[in-house]
Amino acid sequence: MKAPVSVKKRTRSKPSVESTKTSTVARESRQRATAPAPAPAPHPARRRRRSGRSEATIAAILTAAENVVLRSGVHRVAILAVCKAAGISRGTFYRYFSAQDELLDALVRHKREGFHRGLIQAMRAFADPDERFDAFIEHLENYLEHTQARQLLIVSPDFALGFFHRFFHDAVVRFQDVLQTVFDAWDERLDAKLDRELICELLIRYVLSEHLAPSGNAGRAMPARIRRLIATLTAGARVPALRT
């Protein structure tokens, strides 16, 4: 009788620590190789800092553009003519403006902001409501005397009307702001709540109408006419602020 054959169980040898580490490293290497590359971190937005020289150059370009527009009209504005009038090269021009349309938009903003900066400056020294309103009217009078908007209407009527349209809506809002203390005083004196938006709208409409249809009155008649307008809007009430 044959002796039973003993069967030896095969036992798996445990992998060594070194081989485990090697396998892990290899697996991670394969994962990194197949994984998509991460998107680069966005750079923070850079703010353009304008030096005094840059501001002076932009001002020169806008002044030159205005002169060219008033002389030749919008449709004949050539970048080369603006560069020549400003005393700069085309490369310098394109450093600040990419095209003619951008230049004209900047010119409109420049003229609008210049008017309102002048208005704020003219009224800044006056806290008294009466004096503040007088300064307001004085600024409107000076604007009508020195503006070249009528010339712009002649050479480029479509462009001028577009400028007036943008100027109108902006002025209605800004007039309410600079005249806030004046309106407060009028409300108290009249014991009523005035329609400030309507009054400011009529004021700016009056100014714009002087461009389209000048009254032709000799002398500085505008202050008295504006006071008559305000007195009419507040008819039936005693308004000591409106001196004639």
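Over which residues does the model have 14 contacts beyond four places in sequence although pLDDT stays under 50? The stretch is residues 239-244. The structure is a predicted model, and confidence varies along the chain. The mean pLDDT of the protein is 79. A value of 70 or more is reached by 73% of the residues. Helix α4, residues 90-96, has the highest confidence, with a mean of 95. Helix α1, residues 17-34, has the lowest, with a mean of 51. The pLDDT is also below 50 over residues 1-22. Beyond near neighbours in sequence, residues 1-22 have one contact in the model.

The protein contains eleven helices and zero strands. Along the sequence the pattern is therefore written with α alone: α-α-α-α-α-α-α-α-α-α-α. Of the 244 residues, 36% count as buried. Among contacts with a separation of 6 or more, 69% are between residues 24 or more positions apart.

Helix α11 covers residues 222-233. Its twelve residues, at 1.5 Å each, should span 16 Å. The C-alpha atoms at its ends lie 17 Å apart, which agrees. Five residues of α11 are listed as buried: M222, P223, I226, R227 and I230. They fall on the same side of the helix, because the arc they cover around the axis is only 135°. An α-helix has 3.6 residues a turn, so residues three or four places apart point the same way. R228 and T232 are exposed, on the other side of α11. The cover over the buried residues of α11 includes three helices: α6 (129-146), α9 (180-190) and α10 (196-212).

Two of these covering helices, α6 and α9, are also joined by an aromatic pair. F133 lies in α6 and W186 in α9, 53 residues apart, so the pair links distant parts of the chain. The rings of F133 and W186 are 5.1 Å apart, centre to centre. Their planes make an angle of 70°, and the pair is edge-to-face. F133 counts as buried because its relative accessibility is 2%, under the 20% cut-off. W186 is buried as well, with a relative accessible area of 2%.

A second geometry appears in the pair F163 and F167. The ring centres are 5.9 Å apart and the planes are at 25°, so the pair is stacked. Both residues belong to helix α8, which runs over residues 157-178. They are four residues apart, about one turn of the helix. F163 and F167 are both buried.

These pairs belong to a wider set. The count of aromatic pairs comes to twelve. Ring pairs join F115, F133, F136, Y143, F163, F164, F167, F175, F183 and W186 into a cluster. The cluster thus takes in both the edge-to-face pair of F133 and W186 and the stacked pair of F163 and F167.

A polar contact was also examined. S54 is found in helix α2, residues 52-72. Its relative accessible area is 14%, so S54 is buried. The side chain of S54 makes a polar contact of 3.5 Å with the side chain of Y96. Residue 96 falls within the range of helix α4, residues 90-96.

Definitions and conventions:
Residues are numbered from 1 along each chain as its sequence is written. This is a predicted model: local features need pLDDT of at least 70, side-chain atom pairs count only at pLDDT 80 or more; totals for chains, interfaces and linings use all residues. Side-chain values use heavy atoms; hydrogens and water are left out. Helices (H or I, at least four residues) and strands (E, at least two) are DSSP runs, numbered from the N terminus. The expected span of a helix is 1.5 Å times one less than its number of residues. Buried means under 20% relative accessible area, exposed over 50%, partly exposed in between (1.4 Å probe, protein chains only). The arc is that of the directions from the helix axis to the C-beta atoms. Contact means heavy atoms within 4.5 Å. Rings of Phe, Tyr and Trp (its six-membered ring) pair if their centres lie within 6.5 Å; planes under 30 degrees apart count as stacked, over 60 as edge-to-face and the rest as tilted. pLDDT is the predictor's confidence in each residue, from 0 to 100. A polar contact is a pair of N or O atoms within 3.5 Å; within protein, one must be able to donate a hydrogen and the other to accept it, and residues adjacent in sequence count only if both atoms are side-chain atoms.
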